[in-house]
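User: Could you take a close look at one part of this model for me, the place where the ligand sits? I'd also like to hear about one residue in a loop.

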Amino acid sequence: MDKLYSPATVNKIMNKHHFKTSKKYGQNFLIDENIIHKIVDAVDIKDNDLVLEIGPGIGTLTAELAKRAGKVKAVEIDKKLVPILDENLAEFNNVETINEDILNTNINEMISNEEKYQSAKIIGNLPYYITTPIIMKILEEKVSVKSITIMVQKEVADRLKAGPGGKDYGALSVAVQYYCDVTFIAQVPRNVFIPKPNVDSSVIRLDVREIPSVKVDDEKVFFRMVKAGFSQRRKTLLNALSHFLNQPKEEIEKILIQSDIDPLRRAETLSLQDFAALSNNSIK
Ligand code: SAM
């Protein structure tokens with residue numbers, strides 16, 4: 001079978017099936033062999049791994065994953081892609097295509113039903129509109145996966161890996177770095193897709209930690225504190241927290257000082273340790 005990533009093949013497949021890409025589902029198909037290998041290499045797949053692919057499209061990455069993994073489960077929302085996937089992946093007997101919206105899928109169940117595989121790894125060239133919700137769903141539901149390798153809009157990747165002190169650092173950075181170690185894999189120019197998107201992308205791998213990166217007594221309180229801090233980024237912590245948490249400034253000031261944090265600082269200067277100290281002290 002022709003290489004799925006050649007532009008001529010992608011166009012031939014779409015014409016044959018009268019398939020038109022949909023903006024709504026963020027359909028931009030990869031056509032660059034180097035990038036495809038870079039992504040699949042980064043997943044570090046063993047032959048007894050279960051790989052869950054989000055949004056297989058016409059199966060370009062899926063075929064490469066299937067060559068290396070024990071099994072690939074590919075969740076695709078667009079039912080028009082199902083016959084295309086069936087045809088393009090017919091030579092593999094270790095691929096299961098599931099026609100569902102990943103945001104409504106019970107990912108934990110999908111993985112625990114396949115207990116004979118050593119570890120589960122998630123991969124996806126994600127449509128921009130589901131990037132943050134899907135990352136947060138996987139992390140908050142504590143899906144038991146080893147890693148999540150994703151291609152996302154460059155700006156989102158910058159936020160995922162940002163440390164304190166800059167404009168990219170925010171609630172998403174803190175949440176992801178609480179659960180995962182973040183590794184930047186590659187920059188991806190917009191001209192390696194059909195159709196060409198309006199933005200550049202980056203590939204990032206999130207290695208899910210066995211224990212979170214900081215010790216937090218109550219995760220709910222921690223995430224509420226992070227949300228409160230970043231709710232009004234330009235305000236001082238004292239003002240932002242007191243406003244969002246609806247608590248008197250004297251109370252907030254006491255907790256900040258106990259946590260060794262100057263009340264006049266802004267949330268974007270706080271490390272994960274600072275947020276942990278702040279939330280732990282607020283419930284003492
Ligand atoms: N993996 C293919 C590639 O790299 O060429 C396609 C990537 S394309 C950027 C995103 C894919 O995700 C599309 O096939 C789209 O239909 C699918 N998709 C969009 N929203 C989805 C959702 N909520 N659940 C599952 N798949 C989704």
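Analyst: A polar side-chain atom of E53 lies 3.5 Å from a nitrogen atom of the ligand. Keep in mind as you look that this is a predicted model. A backbone atom takes part as well: a polar one in G55 is 2.9 Å from a nitrogen atom of the ligand. Now find N125, where an N or O atom of the side chain is 2.8 Å from an oxygen atom of the ligand. On its own, the ligand has 600 Å² of accessible area, and the protein covers 99% of that. The space that the ligand takes up is the largest pocket. There are 21 residues around the ligand, and those that come nearest are G55, E76, D101, N125 and Y129.

Next, let's turn to the loop residue, E268. You can find E268 between helix 11 (249-258) and helix 12 (272-282). Is E268 buried or exposed? Its relative accessible area is 21%, and because buried means under 20% and exposed means over 50%, E268 counts as partly exposed. Which residues does E268 touch, leaving aside those up to four places away in sequence? They are P164, G165, G166, Y169, F230 and R233. With R233 there is also a polar contact, made side chain to side chain at 3.0 Å. Finally, have a look at G163: G163 and E268 are 105 residues apart in sequence, while in space their C-alpha atoms are 8.8 Å apart.

Note on methods. Residues are numbered from 1 along each chain as its sequence is written. This is a predicted model: local features need pLDDT of at least 70, side-chain atom pairs count only at pLDDT 80 or more; totals for chains, interfaces and linings use all residues. Side-chain values use heavy atoms; hydrogens and water are left out. Helices (H or I, at least four residues) and strands (E, at least two) are DSSP runs, numbered from the N terminus. Buried means under 20% relative accessible area, exposed over 50%, partly exposed in between (1.4 Å probe, protein chains only). Contact means heavy atoms within 4.5 Å. A polar contact is a pair of N or O atoms within 3.5 Å; within protein, one must be able to donate a hydrogen and the other to accept it, and residues adjacent in sequence count only if both atoms are side-chain atoms. A residue is near a molecule or strand if one of its heavy atoms lies within 4 Å of it. Accessible areas come from the Shrake-Rupley method with a 1.4 Å probe; for residues, only the protein chains shown count as cover. On a 1 Å grid over the protein atoms alone, a cavity is a set of points where a 1.4 Å probe fits but cannot get out, and a pocket is an open set with protein on both sides within 12 Å along at least five of seven lines; lining residues have an atom within 4 Å of a point. A molecule sits in a cavity or pocket if more than half of its atoms lie within 2 Å of its grid points.
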